[in-house]
Structures are given as C-alpha cells and as structure tokens.
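Grab a pencil and work through these exercises with the model open beside you. Try each task before you read its solution.

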Amino acid sequence: METIRVQVPATSANCGPGFDCLGLALNLYNIFTFRPLEDATEYTYTFEGFGADILRMEDPKKNLIGFAMDQVFATVQEPIRYGHITSETLIPPSRGLGSSSTAIVGGLLLANTLVKNPLTKEELLVIANRMEGHPDNVAPAIYGNLCCATGLKTKVLNTVIPVPEELHFAVIVPEVLVSTEYARSVLPNHIPFKEAVQNVSHASLFVTSLITHQLDNLSIALEDNLHVPYRKALIPHCDDVFMAAKTEGAYGATISGSGSTLIAYTDKCHVENVAKAMGEVFTSHGVENKIYCLEADTKGARII
C-alpha cells in the first residue's frame, strides 16, 4: 500500500476563560507519514523538526502516534498494521500549542485510513478525548476552527464555530518550558463564586462575539479567573507581553494552553507589529523566542 501522509493543526486551548472546553485550531502543522510494512511486528520511527532529539530518546512503545493507531485497530476489531512512522514536527513541543494532541490525532487518522470500516470524526474524538483527558486541544485538531467541547462517559459533545476571517493571531513562543502537569498543580482548589460567574460571562461573550463578529468585545472576553492569574507566574514578563500586544493594537492576549506560548487576538493590519512587540519584550530580557503570525485553520486534520 502507498505511504499515507496527514497533517494536523496546532491548537490553542482555553482561549482565555474557556478552561478545558474551548480550543482554537491554527494554521501551523505537524505532519505524520506512515508506510505499512508486510513483515513488521512493531512501529518504527523517524523524527524530524522541533524536539526530534528528545523524541528519538523516548521509548517507542510509549509513542502517542503508535498508541493512537492501536486504539483505532482495537475499536474496529481489525489486525494492527505495523510499519514505519515519520514525524515532522513544525509545532514547538511542550509550549501550549497542542503538539501532543497532534500526535494523538495524527495516529488516529493514519490508522483510520487503513481500516475497512473507518470511524467517524465523532468516534475518533471519543478516543482522542480518552487519551488526552480533556477535549479542548483534540477537538479543534480534528475539526478545525473554534471548538467548544465537553467530555461525557461514552461520548463527547462538540460544537464548531467558524472563526471570522478578519481575526488573526500573534503567537510568541519563549524558550521557557512549562509542563502541563506543573501548570495544573499551581491552580487553586476553590475560587470565589463571583469570579466563577465572571468566567461564565466572559466565555459566553467570547463565543458569541466570534459568531457576531463583534471582535472589540475580546478585550474583555479574553480575561480569565481560573488559570491565567496563577500560570502567569510561570512565564517571565507575561504581563509586559500582554501590555505590549494591546499597545500595538491587539484586542487582547492570553496564555495558550498551559503555556509558555502567549497568543494575542488581533486584525490583519496589526498582527505583524503585535507579534514583533511581544517578542521584543522577551528579547530585551534575554529570553530567546520565536514569533508566528497565524490564522485559524478551518479544516482540521486531513490527508495530504
């Protein structure tokens, strides 16, 4: 069989106040290739791009791509098809841009292309949610655009909201590692009722403002009480970067996923200046960084 090649978009989870339920797909991609081998009894790997040296040292039996493929074969009750997997990582790993979710979704899509009775996107999302633990990264990786998802015991309820074409994203990735586990450990067990209510209003305002194209509302709608105030301390100069983004014309800015990536929501006219200003804050303090000017991905994971 011919080699299968898929691309999976980066995702920015939480979108400010939508903790563990809102996620946005971005037009930056990881690419995964699978070549079936008739006599193979395991998956073998080639890693290229960001973090390739780290991935090469990890136990291949624990790789998320192969594990995800196994889940599809088990679900449809078909024999596992082993072979060689090539991972081209263009998304900075462990930075809050959904890199691990791309491995999960990439593996699911690769295997789903091989089986006689392919699973639906809804069925793939159930598996991805089970592997990831929450759907805010995997849902937009599968569907594209903005997703609002909640995981139940046996299914995931998900809605897809088209992102306005005029909305662009200035993304800054500092050379600061923040593990998801540690980023969750700094969150409080309780927050005041008033702050919880405010988060509900902001998350609702965020979604409806995108639907109605009232993007000026994002200056308030992106504000969060659940995770951003606690995770800012893990990312040096975070408030200064947020201020620089707004000064240059962004609607607002927040932490992408669990960080350390920061993302500003802006228009096409301002996106380059916003990204540059955000990067200059880190650079002026001696923190290496990489900037991206991105748009929403509207298609999700797909075969290429």
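## Exercise 1: two helices side by side

H10 and H11 are roughly antiparallel to each other. This is a predicted model, where local features need pLDDT of at least 70, side-chain atom pairs count only at pLDDT 80 or more, and totals for chains, interfaces and linings use all residues. Residues are numbered from 1 along each chain as its sequence is written, and side-chain values use heavy atoms, with hydrogens and water left out.

Task: find at what angle helix H10 and helix H11 pack, and which residues meet.

Solution.
- Step 1: locate H10 at residues 238-247 and H11 at residues 271-284. Helices (H or I, at least four residues) and strands (E, at least two) are DSSP runs, numbered from the N terminus.
- Step 2: read the angle, about 155°, with the axes 8 Å apart. Axes are lines fitted to C-alpha atoms, for helices over the stretch in contact, and angles run from 0 to 180 degrees between N-to-C directions.
- Step 3: apply the cut-offs: under 35 degrees is roughly parallel, over 145 roughly antiparallel, 65 to 115 roughly perpendicular and the rest oblique. The pair is therefore roughly antiparallel.
- Step 4: list the contacts (heavy atoms within 4.5 Å). Asp240, Val241, Ala244 and Ala245 in H10 meet Val274, Ala277, Met278, Val281 and Phe282 in H11.
- Step 5: sort those residues: eight are nonpolar, none polar and one charged. Here Ala, Val, Leu, Ile, Met, Phe, Trp, Tyr, Cys and Pro count as nonpolar, Asp, Glu, Lys and Arg as charged, and the others, Gly among them, as polar.

## Exercise 2: the sheet

Task: work out the strand order of the open sheet with four strands, and its edge strands.

Solution.
- Step 1: trace the order S8-S9-S7-S10, with antiparallel pairing. Two strands pair if DSSP finds at least two bridges between them.
- Step 2: pick the edges, S8 (252-255) and S10 (289-294), as each pairs on one side only.
- Step 3: check the twist, which averages 20° from one strand to the next.
- Step 4: zoom in on S7 (residues 167-174), which pairs with S10 over six bridges. Phe169 stands opposite Leu294 in S10.

## Exercise 3: backbone oddities

Task: say what is unusual at Asp20 and at the peptide bond from Gly259 to Ser260.

Solution.
- Step 1: recall that most residues other than glycine have a negative phi, and most peptide bonds are trans.
- Step 2: Asp20 has a positive phi of about 65°, and sits in the loop between S1 (4-13) and S2 (22-36).
- Step 3: the bond from Gly259 to Ser260 is cis, with omega near 10°. Ser260 lies in the loop between S8 and S9 (262-267).
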